[in-house]
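Here are a few exercises to work through with the model open beside you. Try each task on your own first, then follow the solution step by step.

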Amino acid sequence: MTHPSSLAETLDLDVEVLHEYHRDLIDWVASATVDRPRVVDLGAGTGTGAVALARRLPRAEVYAVDVSDEMLAHLRRRADEAGVGDRVHTVRADLDQPWPDLGPADLMWAAASLHHVGDPGRVLGQAHALLRPGGVLAVAELDSFPRFLADPAGAALEERCHAALARMRRERGMHLDADWGALLAGAGFAVEATRRTDLALDPPLPAATGRYALVSLQRMRHGLDGRVGAADLAALDAYAADLDRADLRVRATRTVWLARRP
Ligand SMILES: C[S@@+](CC[C@H](N)C(=O)[O-])C[C@H]1O[C@@H](n2cnc3c(N)ncnc32)[C@H](O)[C@@H]1O
């Protein structure tokens, strides 16, 4: 396992496997906005939020912002395939730099993206300034990366590996433990609701689960050299080489903050 699977594929598999969670979340957030919203997706990736919001809100104009050209090209294909390409606009921008004019927004969406930025408080301040009074920002963050291995030895191995990766991400300055409620309040938002979801999928699992588990384990393995022992690396390789969907499960915890500009 030397080549990491792409983040883009992982994001697409996430929405395919956890489609009920994503559908309910989009319904919830969409119900908090106006009939004809201008939507801005911060760190849009492959478009899980941007495309779904455009589909759910047929009168919305959606601006999908990301620093990666590769992600935006992928997002454009997905938006066109979904028949919403005319209302989904891609904007290449680094959220840590001065923002381009994204116009006043009614709804902003930031899923699994704000922990990447250099200064989340500053980005939330800019989001607040971009929203119309009464506008809504939804921040979705991962409490943990998904776990797949069901047997006790595999589950313990996965925990050790995730713990090592979490240490690495903290060392690199990623904001995985940020208090988003406090940061939102500090930026001037009124936090209206916080929704924490423990996701637990057991067999029979969606068809894409095996692939999702494989690419997730491959991506995890790629970052682990020198961070866990050789026995754990060998065990992880062995699991990835012989994944059987019948032996898998999916566990993940995610939290979403729904905040309004007063
Ligand atoms: C984990 S992905 C999440 C994508 C998408 N929101 C989703 O939920 O599937 C994080 C995304 O944030 C983007 N990103 C990270 N740092 C960024 C920055 N400073 N400015 C703009 N986009 C950024 C990455 O390119 C990536 O597409």
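**Exercise 1. Sort the shell around the ligand by residue class, then find its polar contacts.**

Step 1. By class, eight nonpolar, six polar and three charged residues make up the shell. Here Ala, Val, Leu, Ile, Met, Phe, Trp, Tyr, Cys and Pro count as nonpolar, Asp, Glu, Lys and Arg as charged, and the others, Gly among them, as polar.

Before going on, a word on the source: this is a predicted model, in which local features need pLDDT of at least 70 and side-chain atom pairs count only at pLDDT 80 or more, while totals for chains, interfaces and linings use all residues. Residues are numbered from 1 along each chain as its sequence is written, and side-chain values use heavy atoms, with hydrogens and water left out.

Step 2. The ligand is surrounded by 17 residues, the closest being Gly-43, Asp-66, Asp-94, Leu-95 and Ala-111; a residue is counted if one of its heavy atoms lies within 4 Å.

Step 3. Now look for polar contacts (a pair of N or O atoms within 3.5 Å; within protein, one must be able to donate a hydrogen and the other to accept it, and residues adjacent in sequence count only if both atoms are side-chain atoms). A polar backbone atom of Gly-43 is 2.8 Å from a nitrogen atom of the ligand. Asp-66 places a polar side-chain atom 2.6 Å from a ligand oxygen atom. For Asp-94, an N or O atom in the side chain is 2.9 Å from a ligand nitrogen atom.

Step 4. On its own the ligand has 590 Å² of accessible area, and the protein covers 88% of this (Shrake-Rupley method, 1.4 Å probe; for residues, only the protein chains shown count as cover).

**Exercise 2. Describe the loop between strand 4 and helix 5 through Ala-112 and His-115.**

Step 1. Place the loop: strand 4 spans 105-111 and helix 5 spans 120-130. Helices (H or I, at least four residues) and strands (E, at least two) are DSSP runs, numbered from the N terminus.

Step 2. Ala-112 has a phi near 55°, a positive value in a residue other than glycine. Ala-112 counts as partly exposed because its relative accessibility is 29% (buried is under 20%, exposed over 50%, partly exposed in between; 1.4 Å probe, protein chains only).

Step 3. His-115 has a relative accessible area of 2%, so it is buried. Its side chain makes a polar contact of 2.6 Å with the side chain of Glu-141. Beyond neighbours within four places in sequence, His-115 is in contact with Glu-141, Met-174, His-175, Leu-176 and Trp-180; contact means heavy atoms within 4.5 Å.

**Exercise 3. Work out how helix 1 packs, and what Arg-254 does there.**

Step 1. Helix 1 covers residues 7-17 and includes Glu-9. Glu-9 is partly exposed because its relative accessible area is 26%. Not counting residues up to four places away in sequence, Glu-9 touches Arg-211 and Val-215.

Step 2. Buried residues of helix 1 include Ala-8, Leu-13 and Asp-14. The partners of its buried residues include helix 2 (19-30), helix 8 and strand 8 (248-260).

Step 3. Arg-254 belongs to strand 8 and is buried, with a relative accessible area of 6%. The side chains of Arg-254 and Asp-14 form a polar contact of 2.8 Å.

**Exercise 4. Find where the cis peptide bond from Pro-203 to Pro-204 sits.**

Step 1. Omega of this bond is near 0°.

Step 2. Pro-204 lies in the loop between strand 7 (190-201) and helix 8 (209-222).
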